[in-house]
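Here's a quick walk through the fold, for anyone about to load it into a viewer. Have a look at the coordinates first, then read on.

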Amino acid sequence: MTIEIVSESRCFGGVQGYYRMQSTACAGPMRFTVYQPPQGKDGRVPVLYYLSGLTCTEDNATIKAGMQRVAAELGLLIVVPDTSPRDTGIPGATGDSDIGEGAGFWLDATVAPWSSRFRMETFAVEELPGVIAEHFPADPARAGVLGHSMGGHGALTLALRHPERYRSVSAFAPIVSPSRVRWGDRAFRTYLGEDRAAWAEHDACELVKRRPFAGTILIDQGLADPFLGETLIPEHFEQACAEAGQALQLRRHEGYDHGYWFVSSFIEDHLRHHAGVLAG
Ligand SMILES: N[C@@H](CCC(=O)N[C@@H](CSC=O)C(=O)NCC(=O)O)C(=O)O
């Protein structure tokens with residue numbers, strides 16, 4: 001598959017690039033960024049997929065998370081996909097921050113008309129990694145996934161649903177139980193219909209109880225996050241992990257909110273967590 005280079009810039013001895021591809025999964029163009037560390041010149045390196053939150057494009061984390069310096073040191077290739085297809089023309093797909101464009105929820109919609117374009121799970125788990133392995137010096141056998149908020153939900157659920165694809169997982173302020181909160185309930189109803197059994201397939205609290213992840217899950221949560229008690233509720237995941245015997249490192253941080261100042265404050269720990277697992 002061909003990709004279009006939108007831009008490439010030298011960054012910490014590597015290359016920060018913006019790209020576009022034609023996605024079969026999402027039936028249209030999809031955008032993503034890739035940071036290639038300097039070590040990529042000498043061979044394939046571990047690859048990390050960063051999944052972003054509601055309202056984000058591929059740009060937010062790329063410019064605000066501050067991943068490049070440490071990725072260059074550790075030799076990690078970082079991929080940041082957009083959070084949904086764009087310009088879909090689907091009624092209701094724009095103008096609502098919880099549904100539609102910018103709110104793909106990292107799953108494949110099964111309800112029309114969303115099911116024709118909103119297939120972010122297949123895009124993120126299968127199609128994009130194929131393109132990354134073809135065009136960049138990434139080792140698909142050493143892949144990890146992390147994300148923020150809706151993207152934290154994506155990181156947890158994709159790792160739990162596809163353990164053969166990801167060897168490490170972490171999240172910032174993830175939506176851990178979308179079936180039970182505003183950030184999830186409406187989206188699941190819209191994309192998956194009313195069958196709550198289908199919702200459970202994309203709910204980290206349900207998934208972890210069925211099949212824990214083989215490795216420690218790292219989660220950071222700010223205690224001044226305005227969404228903490230309403231839509232994030234990390235205690236739900238803490239309890240599910242305890243029941244499942246899942247190793248979890250849940251760190252709570254006094255004074256930090258939900259934004260990228262919080263993410264950028266702890267991103268280094270996440271990259272080191274992934275690099276430690278993926279080195280082996
Ligand atoms: N308008 C929304 C919240 C918008 C928001 O805070 N988006 C976050 C992710 S929230 C969960 O997925 C984000 O990453 N924004 C981009 C940025 O650059 O900060 C609401 O209040 O419901």
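A bit of bookkeeping before anything else: a residue counts as buried if 20 or more other C-beta atoms lie within 10 Å of its own, as exposed if 12 or fewer do, and as partly exposed in between. Keep in mind too that this is a predicted model.

Let's try that rule on V277, which sits in helix α10 (residues 260–278). V277 has 18 other C-beta atoms within 10 Å, so it comes out as partly exposed. Leaving aside residues up to four places away in sequence, V277 touches G144, R167, S168 and G215. The G144 contact spans 133 residues along the chain, with the two C-alpha atoms separated by 8.8 Å.

**The sheet**

G144 belongs to the stretch covered by strand β6 (residues 138–148), so let's turn to the sheet. How many strands form it, and in what order? There are 9, arranged as β1-β2-β3-β5-β4-β6-β7-β8-β9 in an open sheet with mixed pairing. At the edges you'll find β1 (3–11) and β9 (248–253), each of them paired on one side only. From one strand to the next, the twist averages 20°.

Here are some of the pairings, with a bridge count for each.

| Strands | Sense | Bridges |
|---|---|---|
| β2 and β3 | antiparallel | 9 bridges |
| β3 and β5 | antiparallel | 4 bridges |
| β4 and β5 | parallel | 3 bridges |
| β4 and β6 | parallel | 6 bridges |

Going residue by residue, R20 has R31 in β3 as its bridge partner. The hairpin of β2 and β3 has 4 residues between the strands, and A27 takes a positive phi near 50° there. Further along, Y35 is bridged to I78 in β5.

Strand β4 (residues 45–51) pairs with β6 and also with β5. Y49 shows both sides nicely: it stands opposite V145 in β6 and opposite V79 in β5. V47, for its part, has A143 as its bridge partner in β6. Is β4 buried or exposed? Buried: 7 of the 7 residues of β4 are buried, so the strand is largely enclosed by the rest of the structure.

**Helices and core**

Two helices are worth following across the sheet. Helix α3 (residues 120–135) lies across β1, β2 (14–23), β3 (28–36), β4, β5 (77–81) and β6, and runs at about 135° to β6. Helix α4 (residues 150–161) lies across β4, β6 and β7 (168–172), at about 140° to β6.

The largest nonpolar core holds 83 residues, and L77, I78 and V79 touch the most other members. The element that gives the most to this core is α3, with 7 residues. Those three well-connected residues fall within the range of β5. Take I78 as an example: setting aside residues up to four places away in sequence, I78 touches Y35, L48, Y50, M67 and A71. Y35 thus turns up again, having already appeared as the bridge partner of I78.

**Odd backbone spots**

Most residues other than glycine have a negative phi, and most peptide bonds are trans. The loop between β5 and α3 has some departures to check. D87, placed in that loop, has a positive phi of about 50° although it is not a glycine. F105 is found in the loop between β5 and α3 as well, and has a positive phi of about 60°, again without being a glycine.

How do D87 and F105 sit, buried or exposed? D87 has 11 C-beta neighbours inside 10 Å, so it counts as exposed. F105 has 29 other C-beta atoms within 10 Å, so it is buried.

P113 also has its place in the loop between β5 and α3. The peptide bond from A112 to P113 is cis, with omega near 0°.

**Around the ligand**

Finally, the ligand. Which residues are closest to it? They are G53, L54, N60, S149 and M150, out of 13 that surround the ligand. By class, this shell has 4 nonpolar, 8 polar and 1 charged residues. One of the closest, M150, falls at the start of the range given for α4.

How values were computed
Residues are numbered from 1 along each chain as its sequence is written. This is a predicted model: local features need pLDDT of at least 70, side-chain atom pairs count only at pLDDT 80 or more; totals for chains, interfaces and linings use all residues. A residue is near a molecule or strand if its C-beta atom, placed from the backbone, lies within 6 Å of it. Ala, Val, Leu, Ile, Met, Phe, Trp, Tyr, Cys and Pro count as nonpolar, Asp, Glu, Lys and Arg as charged, and the others, Gly among them, as polar. Two strands pair if DSSP finds at least two bridges between them. Helices (H or I, at least four residues) and strands (E, at least two) are DSSP runs, numbered from the N terminus. Axes are lines fitted to C-alpha atoms, for helices over the stretch in contact, and angles run from 0 to 180 degrees between N-to-C directions. Two residues are in contact if their C-beta atoms, placed from the backbone, lie within 7 Å. A nonpolar core is a set of buried Ala, Val, Leu, Ile, Met, Phe, Trp, Tyr and Cys residues joined through C-beta atoms within 7 Å.
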